[in-house]
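Subject: Structure handover

Hello,

Here is the structure I said I would pass on. My notes on it are below the entry.

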Amino acid sequence: MIVLHHLNKSRSQRIIWLLEELGQPYRVQAYQRDAATFLAPPELKAIHPLGKSPVIEFDGRVLTESGAITEYLIARHAPERLAPAPDSPEYAEYLQWLHFAESSGILPLLLDIFVRKDGSPMRFLPGYARAECAKVLGYLDEVLASRRYLVADRLTGADILNSFLVDLLAQSGQLAHFPHLQVYWQRLNTHPARQKAAALERELDQSAE
């Protein structure tokens, strides 16, 4: 059985969604962020030295990094259902979007969140973060103007990973600035496995009580 070490309000909700889509037996071991620091608890370091989430355990092994987890689990359990065939024309683009989520996509959004959370006067980072967010999200919005999903006209692991980006936009009230991303986010929310993952995340999140 796959064990997901899940931190509330984190990127590992995507892995719950992925596991639901895969239909494989799994168990969630939940952890709560520190109410004051918003950091992960030290117990996660007993699973992996970085003390971050998501982390999965399977067959006596430990695997970290959302992109690696997603790519591995899909290749093992749903290679034809949640990814284009490796010899297909879409596969290279699939890999690009799969890794976009945790590279080009997430960095500017996190910088913007950290700048706003810190609140201190800064000369460089606020403007840089805003410009990069506009560039990256504008690009994603433009791509989705002519697509229902990121690649292959169907749900793939790339959509599951990139869902965190549009979730952040929705939570911050900025999604309306990107009309195609808004439609995309609404489409993702129609998937029953995503709905179930979101409900489970709310159930596991003790900070919401």
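The notes go through helix packing, an aromatic cluster, a few single residues and some backbone details.

Please keep in mind that this is a predicted model.

Helix α1 and its partner

I started with helix α1, residues 13–22. Eight of its 10 residues are buried, so α1 is largely enclosed by the rest of the structure. Those buried residues are R14, I15, I16, W17, L18, L19, E21 and L22. Right after the helix comes G23, with a positive phi of about 70 degrees.

One helix that α1 packs against is α7, residues 192–204. Their axes come within 8 Å of each other, and the crossing angle is roughly 135 degrees. That angle makes α1 oblique to α7, and the crossing is right-handed. On the α1 side, the contact involves Q13, I16, W17, E20 and E21. On the α7 side, the residues are A193, R194, K196, A197, A198, L200 and E201. Sorted by class, this contact has six nonpolar, one polar and five charged residues. I16, W17 and E21 appear in both lists for α1: they are buried, and they take part in the contact with α7.

Helices α2 and α3

A second helix pair is α2, residues 66–77, with α3. Here the axes come within 9 Å and cross at roughly 145 degrees. From α2, the contact draws on S66, G67, T70, E71 and I74. From α3, it draws on Y94, L95, L98, H99 and E102. The class count for this contact is four nonpolar, four polar and two charged residues.

Aromatic residues

Searching the whole structure turned up six aromatic pairs. One of the pairs is W97 with F100, which is edge-to-face, at 5.0 Å centre to centre and with 65 degrees between the planes. Both rings belong to residues of helix α3, which spans residues 91–118. W97 and F100 are three residues apart there, so about one helical turn separates them. W97 is buried, as is F100. Together with Y139, these two residues form one aromatic cluster.

Two buried residues

L150 sits in the loop between α4 (125–143) and α5 (157–172). Is L150 buried or exposed? L150 is buried, because its relative accessible area is 0% and buried means under 20%. What does L150 touch, once its neighbours within four places in sequence are left aside? Its contacts are E93, W97, L140, L144, A158, D159, N162 and Y184. W97 is therefore a link back to the aromatic cluster: W97 belongs to that cluster and is in contact with L150. In sequence, L150 and W97 are 53 residues apart, while their C-alpha atoms are 7.2 Å apart in space.

D112 is the other buried residue I looked at, and it is located in helix α3. Its relative accessibility is 13%, so D112 counts as buried. Not counting residues up to four places away in sequence, D112 touches A129, R130, C133 and Q174.

Loops and backbone

The loop between β2 (26–31) and β3 (55–58) includes T37. T37 is partly exposed, with a relative accessible area of 46%. T37 and G157 are 120 residues apart along the chain, and 31 Å separates their C-alpha atoms. P54 is also found in the loop between β2 and β3. The peptide bond leading from S53 to P54 is cis, and its omega is near 10 degrees.

Two residues other than glycine have a positive phi:

- D59 has a phi of about 50 degrees. It lies in the loop between β3 and β4 (61–64), and at 53% relative accessibility D59 counts as exposed.
- D153 has a phi near 55 degrees. It lies in the loop between α4 and α5, and at 47% relative accessibility D153 counts as partly exposed.

L150 is found in that loop between α4 and α5 too.

That is the end of my notes.

Regards

Technical notes
Residues are numbered from 1 along each chain as its sequence is written. This is a predicted model: local features need pLDDT of at least 70, side-chain atom pairs count only at pLDDT 80 or more; totals for chains, interfaces and linings use all residues. Side-chain values use heavy atoms; hydrogens and water are left out. Axes are lines fitted to C-alpha atoms, for helices over the stretch in contact, and angles run from 0 to 180 degrees between N-to-C directions. Helices (H or I, at least four residues) and strands (E, at least two) are DSSP runs, numbered from the N terminus. Angles under 35 degrees count as roughly parallel, over 145 as roughly antiparallel, 65 to 115 as roughly perpendicular and the rest as oblique. A crossing is left-handed if the near helix is turned anticlockwise from the far one by less than a right angle, and right-handed if clockwise. Contact means heavy atoms within 4.5 Å. Ala, Val, Leu, Ile, Met, Phe, Trp, Tyr, Cys and Pro count as nonpolar, Asp, Glu, Lys and Arg as charged, and the others, Gly among them, as polar. Rings of Phe, Tyr and Trp (its six-membered ring) pair if their centres lie within 6.5 Å; planes under 30 degrees apart count as stacked, over 60 as edge-to-face and the rest as tilted. Buried means under 20% relative accessible area, exposed over 50%, partly exposed in between (1.4 Å probe, protein chains only).
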